[in-house]
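Colleague: I should like a close look at one part of this model, namely how its helices pack against one another. Please describe the arrangement in a connected account.

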Amino acid sequence: MPGTTAHAPDHDWTDPHCPVARTLDLVGDRWTLLLIRDAMDGARSFTEFQRRTGIARNILTDRLRKLTAHELLAQRTAPSGRRQEYVLTDAGRDLFPVVLTLRQWGERHAFAPGETHSTLVDRHGTPVPEIAPTAADGTPLDADTTQVRKIG
């Protein structure tokens, strides 16, 4: 259900009027985004998330509970019928551009020149192109060409 998480009345928002702050309140810790990344890459079970990330069981339990409570992941019965699995919701899938942008920033700034790293490819095996935000007229956008319009 779109917007459900954002309207949580009992949530103690860091900055209630800022979409960036609210998003970070929901997904801003290291493990949460890594779990979203792995869910996007096909991880479904508790064991798979733990194997991929190396996260401690108690932290993984907490983060999966929060991701489910905030409707970024949903639990369903696995096809085998023997255990529960976690799947991305629409809200979780909507984080794809965020994870992609973090990945591309990391490729540019978190690795030494020539240092090897994983590569995100499309279904044809072609590397995903750089995200470049543009205005409605096609003009490139960056921090120097945009501003936040605050309310009230």
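**Helix packing around helix 4**

Modeller: In this predicted model, helix 2 and helix 4 lie roughly perpendicular to each other. The angle between them is about 70°, a value that falls within the 65 to 115 degrees counted as roughly perpendicular. Helix 2 spans residues 30-40 and helix 4 spans residues 57-69, and their axes are 10 Å apart. From helix 2, the residues Trp31, Thr32, Leu35 and Ile36 make contact with Ile59, Leu60, Arg63, Leu64 and Leu67 of helix 4. Sorted by class, this contact comprises seven nonpolar residues, one polar and one charged.

Arginine 63 belongs to helix 4 and deserves separate mention. With a relative accessible area of 17%, Arginine 63 counts as buried, because the cut-off is under 20%. Leaving aside residues up to four places away in sequence, Arginine 63 touches Asp29, Trp31, Thr32 and Leu35.

Helix 4 also packs with helix 3, which covers residues 46-53; here the axes come within 11 Å and cross at roughly 120°. Helix 3 and helix 4 are therefore oblique to each other, and their crossing is right-handed. On the side of helix 3, Phe46, Phe49 and Gln50 meet Arg57, Leu60, Thr61 and Leu64 of helix 4. This contact divides into four nonpolar, two polar and one charged residues.

As to annotation, an unreviewed UniProt entry lists residues 18-114 as "domain: HTH hxlR-type". Over residues 18-114 the chain is 61% helix and 10% strand, with the end C-alpha atoms 38 Å apart.

Note on methods. Residues numbered from 1 in each chain as written. Predicted model: local features only at pLDDT ≥ 70, side-chain atom pairs only at ≥ 80, totals over all residues. Heavy atoms only, no water. UniProt positions renumbered as here; feature names shortened; annotations may be inferred. Helix = DSSP H or I, 4+ residues; strand = E, 2+ residues; numbered from the N terminus. Axes fitted to C-alpha atoms, helices over the stretch in contact; angles between N-to-C directions. Parallel < 35°, antiparallel > 145°, perpendicular 65-115°, else oblique. Contact = heavy atoms within 4.5 Å. Nonpolar A, V, L, I, M, F, W, Y, C, P; charged D, E, K, R; others polar. Buried < 20%, exposed > 50% of the residue type's maximum accessible area, 1.4 Å probe, protein only. Left-handed = near helix turned anticlockwise from the far one by under 90°.
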